[in-house]
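Please give an account of the cysteines in this chain and of how they are paired.

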Amino acid sequence: MKQVLSLLVVVALLCSFTRASYATKAKENTGDERSIIGGKDASISSYPFALLMFVNGFAACSASVIGEFYALTAAHCLVHGDKPPQTYQVTFLGGTSSIGSNGTIFNASYYVIHDEYNECTIDNDVAVVRVTTSFFTDPAIKAITLQDDEPAASTSCYAVGWGFLTIPPNFIDANTLQIANYTLQTSQNCRSLLGERITEQMYCADYESGKVYRGDSGGPLVCGDRLHGITSFGASHKCSFRSYDLPDVFTKVPSDSIRRFIHLHTGI
């Protein structure tokens with residue numbers, strides 16, 4: 001089986017971490033990131049692994065703590081048609097449910113993008129980010145366990161993240177962590193709705209309450225207290241012409257390609 005290689009991108013460091021009240025940052029709307037619409041407020045105490053990710057100072061995506069020094073997010077949050085890829089300054093806000101309240105800022109030392117990530121099909125949409133200071137310096141932060149086996153269809157899951165609460169043209173920021181509920185679909189049903197672009201590295205999920213949209217890419221899809229997926233794309237992605245009413249797509253963490261990549265770069 002082809003070995004999964006990776007692209008290592010080193011991010012310059014300014015400092016290790018800051019515990020402070022963090023002011024709201026403007027969101028950079030690239031059109032690819034997704035956030036939760038129609039969700040509910042979520043407490044960080046129930047989702048202590050949830051992170052807000054800033055790219056070059058803009059609140060861009062979400063992420064998950066998977067180890068003392070490691071976060072997991074979507075590759076497309078860090079690749080925007082760059083040839084060669086740019087080096088972005090990445091920071092995280094963790095340990096808080098609200099952007100304007102106390103939390104801890106963590107700076108990235110580097111990030112790694114899956115070498116087989118495809119920007120049009122969004123296959124292998126995963127990136128690992130290493131921070132300079134342990135996430136566990138904030139007692140409100142805990143890592144989430146990764147899922148190793150694929151669950152049955154119809155499994156109930158949820159997604160959490162920050163971002164826009166409304167669809168265009170009237171974007172409204174969510175300054176509080178949001179949650180949406182999903183049900184996993186079979187691969188066969190997913191391909192019948194979205195076509196052959198759905199690969200073995202992807203989950204399809206129907207939303208039950210709330211729906212990921214711009215601003216929430218890279219955030220967790222959790223089933224049974226384990227990280228099963230990474231918010232990736234919806235049927236309205238730029239390479240597709242489908243409607244918003246179709247299932248959303250998440251990177252499948254337990255797939256061989258994704259799980260090997262994570263273990264290779266984190267040991268987890």
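What follows is a short report on the chain as a whole and then on its cysteines.

The model is predicted. The chain has two helices and 18 strands, and of its 268 residues 55% count as buried. Among contacts between residues at least 6 apart in sequence, 76% join residues at least 24 apart, while the accessible surface comes to about 10900 Å², with 51% of it belonging to carbon and sulfur atoms.

A search of the whole structure finds three disulfides, and with the bonded cysteines counted along the chain their pattern is 1-2, 3-6, 4-5.

| Disulfide | S-S distance | Torsion about the S-S bond | Handedness |
|---|---|---|---|
| Cys61 and Cys77 | 2.1 Å | -100° | left-handed |
| Cys157 and Cys223 | 2.0 Å | 100° | right-handed |
| Cys190 and Cys204 | 1.9 Å | about 55° | right-handed |

In the disulfide of Cys61 and Cys77, Cys61 lies in strand β6 (residues 58-65) and Cys77 in the loop between β7 (70-73) and β8 (90-94), so the bond ties together parts that are 16 residues apart in sequence. Cys61 counts as buried at 0% relative accessibility, and Cys77 counts as buried at 1%.

The disulfide of Cys157 and Cys223 links distant parts of the chain, with Cys157 in strand β12 (residues 156-164) and Cys223 in strand β16 (residues 220-223), 66 residues apart; both Cys157 and Cys223 are buried.

In the disulfide of Cys190 and Cys204, Cys190 belongs to helix α1 (residues 187-194) and Cys204 to strand β14 (residues 202-209), 14 residues apart. Cys190 is buried, with a relative accessible area of 2%, and Cys204 is buried, with a relative accessible area of 2%.

Cys120, by its relative accessible area of 38%, is partly exposed.

How values were computed. Residues are numbered from 1 along each chain as its sequence is written. This is a predicted model: local features need pLDDT of at least 70, side-chain atom pairs count only at pLDDT 80 or more; totals for chains, interfaces and linings use all residues. Side-chain values use heavy atoms; hydrogens and water are left out. Helices (H or I, at least four residues) and strands (E, at least two) are DSSP runs, numbered from the N terminus. Buried means under 20% relative accessible area, exposed over 50%, partly exposed in between (1.4 Å probe, protein chains only). Contact means heavy atoms within 4.5 Å. Accessible areas come from the Shrake-Rupley method with a 1.4 Å probe; for residues, only the protein chains shown count as cover. A disulfide is a pair of cysteine sulfur atoms within 2.5 Å.
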